[in-house]
Amino acid sequence: MTVARRIVVLCGACLVVLAVAGIGQVLIGRSGITPGQALDVVTGQAQSPVDALIVNLRVPRFLTGMLSGIALGSAGAALQSSLRNPLAEPGMLGISAGAALGVVIATGAGAATGRPVVLLAAAAGGLSAVGLITLAVRGRWQDSELIALAGVLVGSILTALVLGLLALAGRPLWEVLRWLIGSVNARTIADVPPVAALTAAGLLLVLGQVRPLAVLRLGAPSAAALGVGHRRVRAVAMVGAIVLAVGGVLGVGAVMFLGLVGPQIARHVTGSSHPGVLVPTGGLVAAALLPIADLIAQLTTLSLPGAGATGLPVGAVIAPLSIPVLLWLLTTRKLTVR
């Protein structure tokens, strides 16, 4: 099967999963509304307060999860391509934790989630994570093990800061889980525009660099000989990845592994490591994984102080779903960027 056909098959499968997840999230919920009542709203046969719940909560929840998946999956693909590191992804490098720290600081100061100051704070947090890793690796961006170790350490430090701030502020447990594990609970229509805008902006930055990123696969010396400035290309791609990560964190919190698993699945299904293929398909795979994981999470009851009975955080579903994929990639030595 050719690469083009593999891409079509992968995209078709992801769209089917997205459709199933979207229908499931609209029809199934925890509010006591039956699937039949929800279906009546969708088909326009009912006009009642149920309409507001479907339109203002269930549909935005699905859209936020889908957009956050695109953002995190594309960010992971961009980081793996620019750093030539198969372990690079926003969660593993601490970028998601840094963005979450910025959001927690800004919202703790009284800013609303979608305000520009919160977006700037989240971006600053993500950049701070990259800055700390840069200091740790001292330019050795090709050392996969060193970058992974530095990212885990930076992410642990920033996560501890997030947890400490939330604890000092007396935030409820459900809010702690939202930012540290990842959750799409209680998303509204107001959460969709900022996530969509950041996802679009980040994709524009990253997709504008796919050709030079493809040249970078030959190595920095060969890229320089072909007139490609590897530092500039890598910097722009990483800025785009940070913007995408900020969008994903605003939507779903600091979900781990999604930005790693999505691009790796796309790479091995399509058989291509070209950034022009990997960025969109990696984002699409992650976009399909997150809503379907959230649907599974909604079917599991969790009782939290201050929140009552609620669904399991989606990050708690993503992690165990990712483990078999990661183990397969590691044991078969297929965890690669080439």
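This is a short talk through one predicted protein model, from the whole chain down to a few residues.

Okay, ground rules. Residues are numbered from 1 along each chain as its sequence is written, and side-chain values use heavy atoms, with hydrogens and water left out. Since the model is predicted, local features need pLDDT of at least 70 and side-chain atom pairs count only at pLDDT 80 or more, while totals for chains, interfaces and linings use all residues.

Let's start with the whole thing. The protein has 14 helices and 2 strands; those are DSSP runs numbered from the N terminus, with helices being H or I of at least four residues and strands E of at least two. Of the 338 residues, 51% are buried. Buried means under 20% relative accessible area, exposed means over 50%, and partly exposed is in between, using a 1.4 Å probe and protein chains only. On the outside, the protein exposes about 14,300 Å², and carbon and sulfur atoms supply 70% of that. The area comes from the Shrake-Rupley method with a 1.4 Å probe.

Now zoom in on helix α13, residues 275–298. From first C-alpha to last, α13 reaches 34 Å with its 24 residues, close to the 34 Å expected at 1.5 Å a residue. That expected span is 1.5 Å times one less than the number of residues. And α13 is mostly covered, with 19 of its 24 residues buried.

One residue in there is Asp-294. Is Asp-294 buried or exposed? Buried, with a relative accessible area of 1%. So what is Asp-294 in contact with, leaving aside neighbours within four places in sequence? Gln-25, Arg-61, Val-184 and Val-314, where contact means heavy atoms within 4.5 Å. The side chains of Asp-294 and Gln-25 also share a polar contact of 2.9 Å. For a polar contact within protein, you need N or O atoms within 3.5 Å, one able to donate a hydrogen and the other to accept it; residues adjacent in sequence count only if both atoms are side-chain atoms.

Next, cysteines. How many disulfides are there? The count is 0, taking a disulfide as two cysteine sulfur atoms within 2.5 Å. Take Cys-14: its sulfur is 6.6 Å from the closest cysteine sulfur, in Cys-11, so that's too far for a bond. Cys-14 is buried at 6% relative accessible area, whereas Cys-11 is partly exposed at 24%.

Last stop: Ala-190, in the loop between α7 and α8. Ala-190 counts as exposed, at 55% relative accessibility.
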